[in-house]
Each structure stands twice: as structure tokens, then as C-alpha cells.
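Here is a short tour of one model, meant to be read with the structure open beside it. Let us start on the inside and work outwards.

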Amino acid sequence: MQDYNGQQVEDLKTFKDENGNHWRWNFWRDKLSNSIEESKEYIDEAEKVIKIFKGQNYNVNLTGNLSQTVKPVYNILYSNVETLKPLIFSRLPNPRVRKRNLEKNNINKLISIILERNIKRVLEETDAQNIIEQARDDYLVTKRGLVKVLFEQEIITTQEEIKTPIIDEETGEIAGEDLQIMEQEELGEKKIMLEYVAWKDVVFSCAGKWEDVDWVAFRHYFNKDELKKRFGRKANVINLDNEVDPNTLKSGDEKDSLFKKAEVWEIWDKETKKVYFFCSGYDKGLLKTVDDSYNLNNFFNVPRPLGIDSGFDKVNCPIPDYKYYEEQAKELDKISNRIIAILPYMSMGGVYCDSLTTEEAETFLQAIEKYSPVKMPPDADLNKLIKERDLSKLAGVLTTLYAERQQTIKAIQEITGLSDIVRGQTVAQETATAQELKGNFAISRLQPMQQEMEFFCRDIVRIIAELLAENYDIIELVQAAGLKIFDMDELTKKFTEELEGLPEEEFSQALMVKLKPYINEIKAGQATTINNMIEAAKIMKSDKLRGWAIEVETDSTIKVDQNAEKQVALDFANALSTVSQQFLPLLQAGVISRDAFKSLLSFIMRRFEGSEEVEELLDDEETEKTNPENEMQRQMAQKQIEFQEREIALKEYEAQSKAAYENRKLDIEEGKVIIGDMSFEEQMRLKQEQINNKINEGYKE
């Protein structure tokens, strides 16, 4: 370890003793300086690559200290990047939250439903498509792409006037009132957002791989107002030494400071579980220290960065793809420059005798601007009076240059893995097998990049899921997912009172008739119960239990091939058909059990993408049909239940008719009291508080 003067320090204690009260400011200054210095070569290289991508002039180092300014002529980098963009990310992934185990578990199913729906809502509200595309573009050009997942809790400040009487000490009487304004803070809306991080506004601790990174720092540029809002009075002594915005004002102008900003680093330290705000322009200490409020399992609020392993042994020094074919790209520019230099001379031209003054000759020669008159004998042969320029040699050179350029492009494609089939270029004489081999070659070279992008999106979704589970109440998640909340205990109690007096056999059937619509909505994933919410809250608040209960994945992020999608669906149907034909007779004969058959179907379904909906049907007992005999018995039982339901409904109607008038009177009187004393919003808020209290009591138990 080194101190801020570059001297070697044995341990952190020695560093603290030597730097006094400001040791932490000096500590992070040294840490940032070392990481920035390590990434300097990468930043310089990446800025040059960006200029090439944009077609701007860039400097090329020559021998010694000389440099030359050049401009890309044939922008192969732009072509490659634009080709790769849709191949590695073209659509926002759909989150897939599933039960980890195959057994029937309504609690895990509920967690999967509410998390998946809330993740989709967050991705849609935060414009995740454009943000991830920005990270993808940085990754393809500079080999680094990053997105932050932010969680914000709104703080609402309210003011309340409190009047206190002023007592006269001599008379003991009230002499007046003292008015005080008390400020109270309340928690407001919670929000999860995605934020794009520019490729050069992030540095990591000096490490060889992502797993060894101890801290991540993000660079911000704040003006004076932003500094005051975030750091209070400290903003008055912070030096604004960075001019980020374009400034057209003359130096020394009074308004020049409007464009000045301070460079502030937001440092997430995994070791201390704190977030530090550091500014080199404020040497009195750190601007701010914040405790970790995210409670993420891996601490960092960023997914594994794109391209983090391309630097082999340095996470701060990824290697842009352009570096691997830079010499071939320069050669391509040289060839293109020579072609451009020759093309102006590739036009018809020559000389002719000035004695050719006939009208036909003038008309013919004037139509071609590149012919020039020369003095020749008037009796000379006409074929010898006109001398045309010989273009065969230039044409031969151009042909060679064009062929050489194609060879260079082919070499670049071999380095990058972009075959001609990816660019839509095929040869009519090639067989379908040959074209398929070319396509498979390109896909095999692109799969690592596609997989890295899919893991990047999956990590974003997992961080969102973790923030939802850790920072939101279960009732907030259920309501945001659009699920109804049923209190089955209250419903059972209510219907028991209504059916009081019925015989025991009729009572149980009638009670099931009453509860059946609610049970069906719960099975269909449209509602849940308070008891299930209590159990789900216990699992979601525990990292270990949540990891055992569910798994969070995403589908593909690349453009879907419709033919391939149809083929997957056909393969899925054929697989189920084959298994059913072979094992259904064994099931009917009783050789294998129904549970074993269901487990076998679930095992096969999970090998196909998008089979979750079909797999969920296996958990529904109403869809289980084993053999014709059992099906007939089930239908007969169903008919008997329907008949009993009609009879019970008739009795209920008679009983309700007798008390209808009294009930209406009672409802009117109760309605008057409710409307007079409590608004609709207050009733809903009271109901929500009751549900919350029940959930909290059950969670504590």
C-alpha cells in the first residue's frame, strides 16, 4: 500500500496514524488515483476508437515523438458494430420467475407471480430498452458497458404550526402565544430505476477479475446548485475545476463559472458496506458517508459489467475489439486512399489535330470535354489524328486494389467472426448445407457475446427482484401485481353464519359452493389470501429462503427467428405427444403413479422455453384426469353437487326474501352513518391498515 506521496506503507494502521483525521480522504484519493492511472491507457485507446467509429480525425503515433492526424476512409468499425447490435441485443428480455422445485407449493407460486409482474412493471417504467442499448453500444465500441439499478425512497416534509402560551412570570397570567413551526418527515413513494453509466465514468479497485473487486466508483459532475442540494454548506468551499458543458463565452467572463462543475466520486465500498462521496476539490474530508440501504446480497447495485473479463488480468483495462484488427483496418484505409487517388484519372480523354474543323468532327469532339487540340498535317490519316488516353494500366491497378480490399475485409471478418451469411451475402451456386455451415460458424463466434449480454440482463432483473423483496411490503407488491386479496377466515366465518341451521351434510357442500369462486380466482393467479401473503413475506425477506424457493431468469435478448420459434413449439408438442402415447397406457394400467407421470412431464417441459403456462396446469387438481372410469365417476359427482347447489340456492332465496325489507332498512341506516362519519378513501385506508396489521402479526409469529 502507498500513501498520497507515493511512499510505501506497511499497513492501514500506519496510514491512519500518519494522515490524522483526514486519513480516509487521503486513503480514497490514493485508491482512485491508482485505479485511474491503471486505466489511463485503456481510456486513451477507447477515445481513439470512438473517434474512428464517428469518422473523425485521430492521431497516429509515428517513430519517435512524432504523430500524424488521419481520418478513417473505409469505416469497417462502424459496419461491424452496426451489424452486431441487433445480433446481441434487440429486445427487452421477459423476466422468468419460477418455482425452483417441482412439487406443488402455492406460496412459491405466489412469490413467482408477484415478483415477475412487478419486475415487468419496473422495466417498462424505467425505459430499460434504451438504457440497456446504450450500455450495449459502449460495449461494442469500447468493450465496457454498465447500468446502475437505483432505489429511492421519497421523503415528504410537512410543517405543523404549534402554539404554546406565554406565561408572565410576575402575574402568572397568559401574556400571549408563541408560534413554532415543527417539520415532520414521512416516507413517500418508493421507486426503482435504471441509470446508464458512461464507459469512462466508472473505475474499479485494482483487481484481476470481477469477483475480487472490493469497491466501485462512479463519477458525477455537479454544478453549484446540485452540490448545495446534496451536500449542504460544504458546497460553498468546493472548487469547480471541470468545464463539462461547451462554453462559448470568453475567458474571464463573469458568467464563465456557470459552466464549471465539480468532479465527485460515488464510491461503493464492499468491505465497510458504506457509500462514500469524495471530491478532490474539497480537502477537509469526505463530502458524505451513507450506510447501505439496498441490502443486496452482492452489495454492488450494478450487474457484472459487460467486457469485464476482456482485459484478462486487469478489470480496469478491457481490450476493445478494434484493437485485434487495427492493422488490417489501417491497411484497408491505405487501399481505399489509393483507389480514391486513381479514380479521378479513370475517364475518357486524349488529343486531336487542330486541322479537324469540319462540323461533324467539332460536334463529336466537343461532346467530350477531355479532348485537347494539337497541330498536325491536314492530310494525315483521321485515325491517327485522335489519340486516346490508355486506361488499361490504371484499370489493372484498380482491379488489383479492389481485389486486395476484399481480401482485407475477409481477413477482418475472420478475426471478428462475422461471416458473409450474417451480412446477407450468399452465392447462388452454394448449397443450403454450405450456407448453413457459414451461419453456424458465425453463430458459434457470436454466442459468447450473446451469452454475456443475456447474463447482464439477467443480473439486472435479479437486482430488481432483490430490491423489490427487501424494500417493499408484501401488500404493496400484491396490489402492484393486480391481485385481489381475500381473507378466507373472514369469508368462511361470514358464510358459516349465513348457512347456520342447515344439516351438516348440506352445510359443508353449501360452504364449498360459496367459497368456490374465490378459490378459482386464487388458482387462476388473479387473487391471493392473507395467510398466503404472510407466508410469502417470511420467505421473501430472507435471502436464503428466497433462493431456495424461486429462481429468476430471463428469456433471450436477441431477435427472435419466427421459423425457429415455430420449430421449438412443434418439437415441444411432439415430445409431449410421444411421452403421452408411451406412458399413458402404463398410467391407466396402474404400472406408474399419477405423481410419477406428472414429474416426468414437468421434467420434459422444463427443457423447452416458454413452457411455464403448461407446466402450471399440472398443479391444478381439476385438470387431472386418469382413466374413463374415474372421469365418469367425477362427472356423476359433479351432477349431484350441481343439483344440491340448486336446492340450497332455492332455500337461500326464500330465507333472503323474508328478511329483505329489514336488511334494506338496516343498510340505509348504516350507510347514512358511514357517509356522514367517514369518506370512501378513509374506509379503504382503514381496510388496508387492517390487512397490514394481520400480515405483520402473522409475520412476527
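Seven nonpolar residues, one polar residue and one charged residue make up the lining of the largest cavity in this predicted model. That cavity has a volume of about 40 Å³, and the structure holds one cavity of 30 Å³ or more. Which residues line the largest cavity? They are Ile52, Pro72, Tyr74, Asn75, Ile76, Leu77, Tyr322, Ala329 and Asp333. Two helices, helix 4 (76–88) and helix 8, each supply at least two residues of this lining.

Helix 8 also leads us to the surface. Its residues run from 326 to 342, and isoleucine 340 is among them. Is isoleucine 340 buried or exposed? Its relative accessible area is 48%, and because exposed means over 50%, isoleucine 340 counts as partly exposed. On the surface, Ile340 joins Val73 and Tyr74 in a nonpolar patch, and together the three have about 230 Å² of accessible area. Tyr74, then, belongs to this patch and also appears in the lining of the largest cavity.

Helix 16 is a good place to look at burial. This helix covers residues 530–540 and is mostly covered, with eight of its 11 residues buried. You can pick them out as Ile530, Asn532, Met533, Ile534, Ala536, Ala537, Ile539 and Met540.

For quick reference, here are the helices with their residue ranges:

| Helix | Residues |
|---|---|
| Helix 4 | 76–88 |
| Helix 8 | 326–342 |
| Helix 16 | 530–540 |

How values were computed. Residues numbered from 1 in each chain as written. Predicted model: local features only at pLDDT ≥ 70, side-chain atom pairs only at ≥ 80, totals over all residues. Heavy atoms only, no water. Patch = residues over 30% accessible without salt bridge, like charges linked within 9 Å, V, L, I, M, F, W, Y side chains within 5 Å. Areas by Shrake-Rupley, 256 points an atom, 1.4 Å probe, with all protein chains shown as cover. Salt bridge = Lys/Arg side-chain N within 4 Å of Asp/Glu carboxyl O. Helix = DSSP H or I, 4+ residues; strand = E, 2+ residues; numbered from the N terminus. Buried < 20%, exposed > 50% of the residue type's maximum accessible area, 1.4 Å probe, protein only. 1 Å grid on protein atoms, 1.4 Å probe; cavity = no way out; pocket = protein on both sides within 12 Å on 5 of 7 lines; lining within 4 Å. Points joined across faces, edges and corners; volume = space filled by probe spheres on them. Nonpolar A, V, L, I, M, F, W, Y, C, P; charged D, E, K, R; others polar.
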